[in-house]
Amino acid sequence: MSGRLTGRGTARAARTKGAPLTPRARRIIRLNNGFQLLFNLLWWMPVFYAYQRQAGLSDGQIFGIQSIYYLAFCLFEIPTGLVADRIGARNCLRAGAVVMTAANLTPVFTPSYTGFLVHFLLIAAGRSLTSGAASAYLYDGLQAEGADAHYLKAEGQARALGLAAKVLCWPLLGPLMALAHPAPYVLSAASAGGSFLCALLLPRQVAHRPAVSAARAGRRGPGFLREAVTAVRCVCTTPWLALVVVQGVAVFTLSRICQVNLFQPVLLDHGIGEGSHGTVLAAMTVAEAVASARPQWLSTRLSPVAWVSLLSLAMAAALAGITLGGPWTVVALLCVFAAVTGFAYPLQRKLVNDAVPAGAPRATLLSVESIVDRGVCALAAVAAGAYLSAGRLDTLLWHSALATAVLLTVLHLLLRRHRGAAGRRPPAPEATGPLPEDTLPPAPCAEALPAPPPAPAPAGTTGRV
């Protein structure tokens, strides 16, 4: 399936398919798995709502903090993506792990509204530091080792392992909290500390970006501003990248709002008590973990772009179906929803990475995607709070499904138009073979890159880590 999932690197992926991984590539994958598992192992996730209620916070304060969290994430993504491309993705992962450790310790010492607000603001900062850097490091690292074809499996495997760890750990929360009430936050901090150790062990890598590196070698100045302008121009001059980013909004928003913000209200609305929420969440996590580890189960008869759209529609249909069934139907549909999410995430990640033009600041562009996703989530969280306050949960789920269908319809009209325009363009002279039908060559954004200095620089070298 890898040949169907690549863009500019189609020929290279075909050559590396089935080839054994180098020791360095294996090390990158193992340490990435460890980092993703520990960094995202938030022990407090199933109980944070009840924990904050016990600390004296009202529903308005709890959902207000969530809205602030999404907005803060958008703001933090702007500088952190630029930082990742300037100091290196590996260093950014280390910084994110340190911030996440501090974030998880905050409620232990300050279990109040202020403490939880600071906690989520630090969570937003830590996750924004790693959201684009982690994917960029893995993609560039495997590309440098000639293992492009293994990226999709590695991305899905890391996500699956992290989800499996949650399934094993979350059932232990009850006994652990009986021994020590702040245990979920202390254990989360310990896990984040372990991710810092994994980041320390990640090997240094050099990405080939000659145009950018040559410019950096000869210029000093407001580099962050140049990176930001470069990223914006790349999105504007690369329609395929912009369309792929928009396509991923449905997947991220539906999964985030359902699995975090609406999970407990939906269960309570259908008479499923709080004592069963952990079991339901564990079942959903198992379904998502299995699907995340096996994106290759999807048939190659459809393109990855088509698959992501179909999976998004399936997620929306599952949410709408929740309004029609009883408790067991709700649990089954939530598990289906989680499994579909597991299939969609690795595909969407690879589509965005493949759409990034050569020489563009990858981590910055991935942060742009994250800003778009979180911005829509912030609006969705506000809308969800308004619907819930009015007692219109079912209406919210139906409207979410309809909005997703309309978005994807408009998107595919634009995709068809863009594909038709690309088909009328003459092929590039350096092309070595036909591109897959689902992936179009991203438009070069060389005009967005700083001009190289007069002195020649060795080709294929860069100081990026």
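Which residues is Thr 106 in contact with, leaving aside its neighbours within four places in sequence?

**View 1. Surroundings of Thr 106 in helix H5 of the predicted model.** Leaving aside neighbours within four places in sequence, Thr 106 is in contact with Gly 115, Val 118, His 119 and Leu 122. The residue itself belongs to helix H5, which covers residues 89–109. With a relative accessible area of 15%, Thr 106 is buried, because the cut-off for that class is under 20%.

**View 2. Surroundings of Asn 33 in helix H2.** Asn 33 is found in helix H2, and at 10% relative accessibility this residue counts as buried. Once its neighbours within four places in sequence are left aside, the contacts of Asn 33 are Ala 154, Gln 157, Ala 158 and Leu 161.

**View 3. The largest cavity and its lining.** A search of the whole structure finds four cavities of 30 Å³ or more, and in the largest cavity there lies about 1200 Å³ of space. The lining of this largest cavity comprises 43 residues, of which Asn 40, Arg 127, Arg 159, Lys 166 and Tyr 345 are the closest to its centre. Two or more lining residues are given by each of several helices, among them H2 (23–39), H6 (113–144), H7 (151–169), H16 (327–355) and H17 (362–389). Helix H12 (239–261) is also one of these elements, and the largest share of the lining, seven residues, comes from H12. By residue class, the lining of the largest cavity divides into 18 nonpolar, 15 polar and ten charged residues.

**View 4. Helix H15, its span and its burial.** Helix H15 runs over residues 304–322, and its 19 residues, taken at 1.5 Å a residue, should span 27 Å, because the expected span is 1.5 Å times one less than the number of residues. The end C-alpha atoms of H15 are 27 Å apart, which agrees with that expectation. The helix is also mostly covered, in that 15 of its 19 residues are buried.

**View 5. Two buried cysteines, Cys 169 and Cys 198.** Cys 169 counts as buried at 14% relative accessibility, and Cys 198 likewise counts as buried at 14% relative accessibility. For the structure as a whole, the number of disulfides is zero, where a disulfide would require a pair of cysteine sulfur atoms within 2.5 Å.

Terms used
Residues numbered from 1 in each chain as written. Predicted model: local features only at pLDDT ≥ 70, side-chain atom pairs only at ≥ 80, totals over all residues. Heavy atoms only, no water. Helix = DSSP H or I, 4+ residues; strand = E, 2+ residues; numbered from the N terminus. Buried < 20%, exposed > 50% of the residue type's maximum accessible area, 1.4 Å probe, protein only. Contact = heavy atoms within 4.5 Å. 1 Å grid on protein atoms, 1.4 Å probe; cavity = no way out; pocket = protein on both sides within 12 Å on 5 of 7 lines; lining within 4 Å. Points joined across faces, edges and corners; volume = space filled by probe spheres on them. Nonpolar A, V, L, I, M, F, W, Y, C, P; charged D, E, K, R; others polar.
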